[in-house]
Amino acid sequence: MAATKRTTRRGRSNDASDNARQKESKVALDTDALISLYTKMVQIRLFEDACQRGFRQGKIGGYLHLYIGQEAVATGLLESYREGDRIITAYRDHAHALLLGSTPREVMAELYGKGTGLVKGKGGSMHLFDVKNGLYGGYGIVGGHIPLGVGMAYAAAYNKEDSIVQLYLGDGAIHNGAFHEAANLSGLWGKEGLNPCLFILENNQYGMGTSVERATANTNLASKFDSYGIEHEQVDGMDIEAMVEVGRRATERVRETGKPYAIEALTYRIVPHGAADFLEKYRTKEEVRKWRERDPIGLLEKRLTDEGVEEDVLEKIREEAREVVADAVKFAEESPEPDLSELTTDVYASEMHVADAG
Amino acid sequence: MPVKTYRDALRAAMAEEMERDESIVLLGEDIGVYGGTHLVTNGLIDQFGPRRVIDTPIAENGFTGAAIGMAMAGLKPIVEMMTWNFSFQAADQILQNAAKIRYFSGGQLSVPMVIRGPNGGGVQLSAQHTHSLEGFYGHFPGLKVVSPVTPEDVKGMMLAAIRDPDPVIFLEAGALYGTKGEVPDGDYTVEFGKARIAREGTDVTLIAYGRQVNMLLRVAEELDGEGVSAEVIDLRSIRPFDVQTIVDSVKKTNRAVVVQEQWRWFSVASEVAALIQEHAFDYLDAPVERVSGAEVPAPYARNLEIAAFPSEAMILEAVRRVLYQESK
């Protein structure tokens, strides 16, 4: 995968004024706004680093999928989150939870399998839910959550909520039947204004260890939405300003029309797929090095430095983030395991024994 | 009491509850304009409109998953599987999402939905269109699985299913859509996890659910002529499961025969037999008999299909074995 593939393409909608608006809004982000975004992205990066350490120390079990390299995507788009919106994603979900307002403590405690975790230690890394903050999961089966997001969007429109769904999926999921069935329904229901669903295709170039080129003959993944009458565009997912801009524009459009729209964010997972995979088998060091040059946090640092922000300001942000993460790890380590009575709760709405005549 | 068909009782339950509760929507293939392959939803699109009676493309994974999302966001969807055979296409949604979301969200979300449709075979549809899936779905914690047989129960259990805060697998006796029975007007529910004693008796307990219950009633009639008093239990619900009614009956009769259309291995009948030996071992005068479908994909030819499913003759043979009578 060439690291140079970062031109923005737009499908179906060839509205020239969109490009103009993009340029306008890119300059509209002031230094304070950029520093706020930088703070969020650094927080995610350092949190994920700590997860990697916890996993290698054997303190985090199961699977662990990190967001390192992709921070700009969710950070930029969730700037347009509005209370009442519903966010759904697959298993690379830590960043989404943190950005929506789940505390680093409760997310880390979940990964550590503690009773103080976001879902009481019942889900782990792949199943983060924080419904009060708009996070509807957290799903472990590639593609399986996509129909859920489309259904939630239907419900939102049916109930005249003025809310939308941000539905995140990876490039690996787009080859799954569930995507195609759900996208078809979304396009169909959108014709009646019944599907305010923003699809966000996080193309990190690999479905686990299989590159896009090795997974499909049509590597323009955004174009797959054409089949279902869903307009779309590609965006540089390493450019936080581009992500903020497209997020504002796309969420507004979806909210106004009740029709779905799709964004393909071109990004890169700098780390392995899971915390323990063999990344050297399927990609070259040279490729990783090239993408690292476009690390979204590095790009933003450069931008801030160009704006005249001093290094000690950035270092202070990093230092504060380190403290937050250290506190989260300490909290997770010191938290109690779930009470054993929790084993059998939350299976049904009320405690139900399948067969307990004994 | 008014007499209604199984089909009309089912439709009445949905229509009456839809009048009361706007959060109920129906989804499925050809349930609207076409009226439903089995006419269960006939006329509902005229009454409630296309936003509430949603014709879907033939994409069970997609629309079942979408219904789960609707349930997570405040609606109460009822999904029609044109037949349960097609539910394998949606099994990932039902088993991996609907059954588990409450648990792995730590109790933050509910999935109040009903998935309904005809279950079982008997009309020469052969291997891919003939399954009885109560054991398959009953295996998964998080789902409720019910299988009503009378028109009265089908209405009361559908109303209970719609109001249930958890996903309900509603297995209809497709072969019985046209059968008639007394159905109360108005609002009533039949609680899940309570079996029904369809006929009282003292000598042997016959246990089934779905359309096999009717077969057991005929067998009981025949046994009555031979001086054998059979008790017939309709399980009604597979999950939750009413152990007490079965155990009480077996303590009285000391003998049990369990009948099901599905395959024997890892099945409901196996579970019932195990529960009886756990809870009433000392009362048993004979091993529990299981009468099940043949361990083959369902065949097409009429004579082969008849041989593949439990028959009255097979059940009578099993009853005679538990009574230590000579076979006739």
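**Group meeting: where the chains and domains touch**

Okay, let's start with how chain A and chain B meet: 39 residues from chain A and 41 residues from chain B take part in the contact. Keep in mind that this is a predicted model.

Which elements of chain A give two or more residues to the side that touches chain B? They are strand E3 (135–138), helix H6 (146–158) and helix H7 (177–190) of chain A. Out of those, H6(A) gives the most, with 10 residues. And if you sort that side of chain A by class, you get 23 nonpolar, 11 polar and five charged residues.

Right, now over to chain B on its own. The domain assignment splits chain B into domain 1 (3–182) and domain 2 (196–322), and the C-alpha centres of these two domains lie 26 Å apart. How many residues of each are in contact? It's 24 residues of domain 1 of chain B with 24 residues of domain 2 of chain B.

On the domain 1 side, helix H6 (134–138), strand E6 (144–146) and strand E7 (168–173) of chain B each supply at least two residues. Going by class, that side of domain 1 of chain B has 10 nonpolar, 11 polar and three charged residues.

Last bit: confidence. Chain A has a mean pLDDT of 91, with 90% of its residues at 70 or more. But watch residues 1–7 of chain A, where the pLDDT is below 50; that stretch has 11 contacts in the model beyond near neighbours in sequence. Residues 12–25 of chain A also stay under 50, and for them the model has eight contacts beyond four places in sequence.

Notes. Residues are numbered from 1 along each chain as its sequence is written. Chains are lettered from A and ligands numbered from 1 in the order in which they are written. This is a predicted model: local features need pLDDT of at least 70, side-chain atom pairs count only at pLDDT 80 or more; totals for chains, interfaces and linings use all residues. Two residues are in contact if their C-beta atoms, placed from the backbone, lie within 7 Å. Helices (H or I, at least four residues) and strands (E, at least two) are DSSP runs, numbered from the N terminus. Ala, Val, Leu, Ile, Met, Phe, Trp, Tyr, Cys and Pro count as nonpolar, Asp, Glu, Lys and Arg as charged, and the others, Gly among them, as polar. Domain bounds come from an automatic or database domain assignment. pLDDT is the predictor's confidence in each residue, from 0 to 100.
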